[in-house]
Amino acid sequence: MRPRVFEETVLPHLDAAFNYARWLTRNEADAEDVVQDACVRAMRFFSSLRDDDARAWLFTIVRNAWYSRVAEGTRLNDGQDQRPDNALDPEERLLQQHTVGLVRAALEQLPVDFREAIVLREIEGLSYREIAEVAGVPIGTVMSRLARARERLQTILKLNALSETLR
Amino acid sequence: MSCELVERDLDAYLDRELDAAALTAVREHVGTCAACRRQLAQRETLARLVRSAPYYSAPDRLRARVRASSQSHSVRRVLTWAAAAVLVLSVGAGMTLWRPGASRGDVIADDVVNGHVRSLMANHLFDVQSTDQHTVKPWFLGKLDFSPPVVDLTSSGFALVGGRLDYVGGRPVAALVYQRRKHTINVFVSPAGGDPSTSNVVLTVRGFNLRHWIHNGMSFWAVSDVNSAELGEFATALQAS
């Protein structure tokens, strides 16, 4: 494999891969490890990259790298039940009394499958079909995850009140 | 359109995943229904908020680490190739390189996968492009010191699409190309020589499925990204022909 080809194809998506991993893990150090793992896998399987969509392909590998770490029982939590520490810390919460902090905390509270769907859709702009491929689930599942995730976010963010103040 | 239906389609509407008819239906309903309009407005606000969430860019040290491991990865691959070349040379003539299981088999398997990948990436699938076995088979005459069996398996769902010369294990071999739906199957054929192995070998190398078998004194290596069961079907069809 020519390193140039790999670097030209995969490195442009490193930010996207890291952002996705960062939202999965909710932790900078874990996200770095996961992306590093994923890139090593991506090099090994680079010849299996068929279509042009290196970004979705890389997301899939990041996801697999993360899940196999979770399966190995490393210090990564699975993101399902545990809230991030800062969501419980009153001081931290005071510091987050601005929109970005609120949104971040709300996203981090979502179950990982919901969070993933939202991040891939809203932040990375993937289509339902692409999200389904990355997450390995049917499109219908993607749709219901997105709908439920948004319901939850609206509840967490008390959007009725918030949208009034933003007006 | 009822409010329930609109509620069901609201996310797909916002995500531009609705077809034109459904899109128009939602738009028309929202135009007349204040409750749904409010729902939609909330979802739009939420979308704006979510997009204001932090975007985490990859730290520079990560970028540097990935680049470094990409370079060392390619160096390792070159070394592996060099080691394989030394092995091929040291094994020498007269010994069969085709017996799998040993490290020689791994070298062959690696060669087979590389040949397959090269044929797809370099867009050099064919020297002779034809679905007619009576065109493909004679093409190899005089180019190889053996005559590979060439059969079209369209009736079994594997269409012959052509052939070319390739190198595997340091010797020229016949590469036959078959198509299964959108997938390409390469089959590398050469004389089995003294290889006594008759058992079928099933392998996965770098995500590709491989099958090796010996039939009528010929050694076959089939490689593809079709799943292992389908490749097995292919091998069976080819052996039965």
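Colleague: At what angle do the axes of helix α8 of chain A and helix α3 of chain B cross?

Modeller: The model is predicted: local features need pLDDT of at least 70, side-chain atom pairs count only at pLDDT 80 or more, and totals for chains, interfaces and linings use all residues. Numbering of residues starts from 1 along each chain as its sequence is written, while chains are lettered from A and ligands numbered from 1 in the order in which they are written. Helices (H or I, at least four residues) and strands (E, at least two) are DSSP runs numbered from the N terminus; axes are lines fitted to C-alpha atoms, for helices over the stretch in contact, with angles from 0 to 180 degrees between N-to-C directions. The axes of α8(A), residues 112-123, and α3(B), residues 34-51, come within 10 Å and cross at roughly 90°.

Colleague: Which residues of α3(B) does α8(A) meet?

Modeller: Contact requires C-beta atoms, placed from the backbone, within 7 Å. From α8(A), the residues are A:Ile118, A:Glu122 and A:Ile123. Their partners in α3(B) are B:Ala47, B:Val50 and B:Arg51.

Colleague: Which strands are at the edges of the open sheet in chain B?

Modeller: Two strands pair if DSSP finds at least two bridges between them. Seven strands run in the order β1-β2-β3-β4-β7-β6-β5, with antiparallel pairing. Those that pair on one side only are β1 (128-129) and β5 (201-205).

Colleague: Which residue in β3(B) stands opposite B:Arg164?

Modeller: In chain B, β2 (residues 159-168) and β3 (residues 171-180) pair in the antiparallel sense over nine bridges. Opposite B:Arg164, in β3(B), stands B:Ala175.

Terms used:
Two residues are in contact if their C-beta atoms, placed from the backbone, lie within 7 Å.
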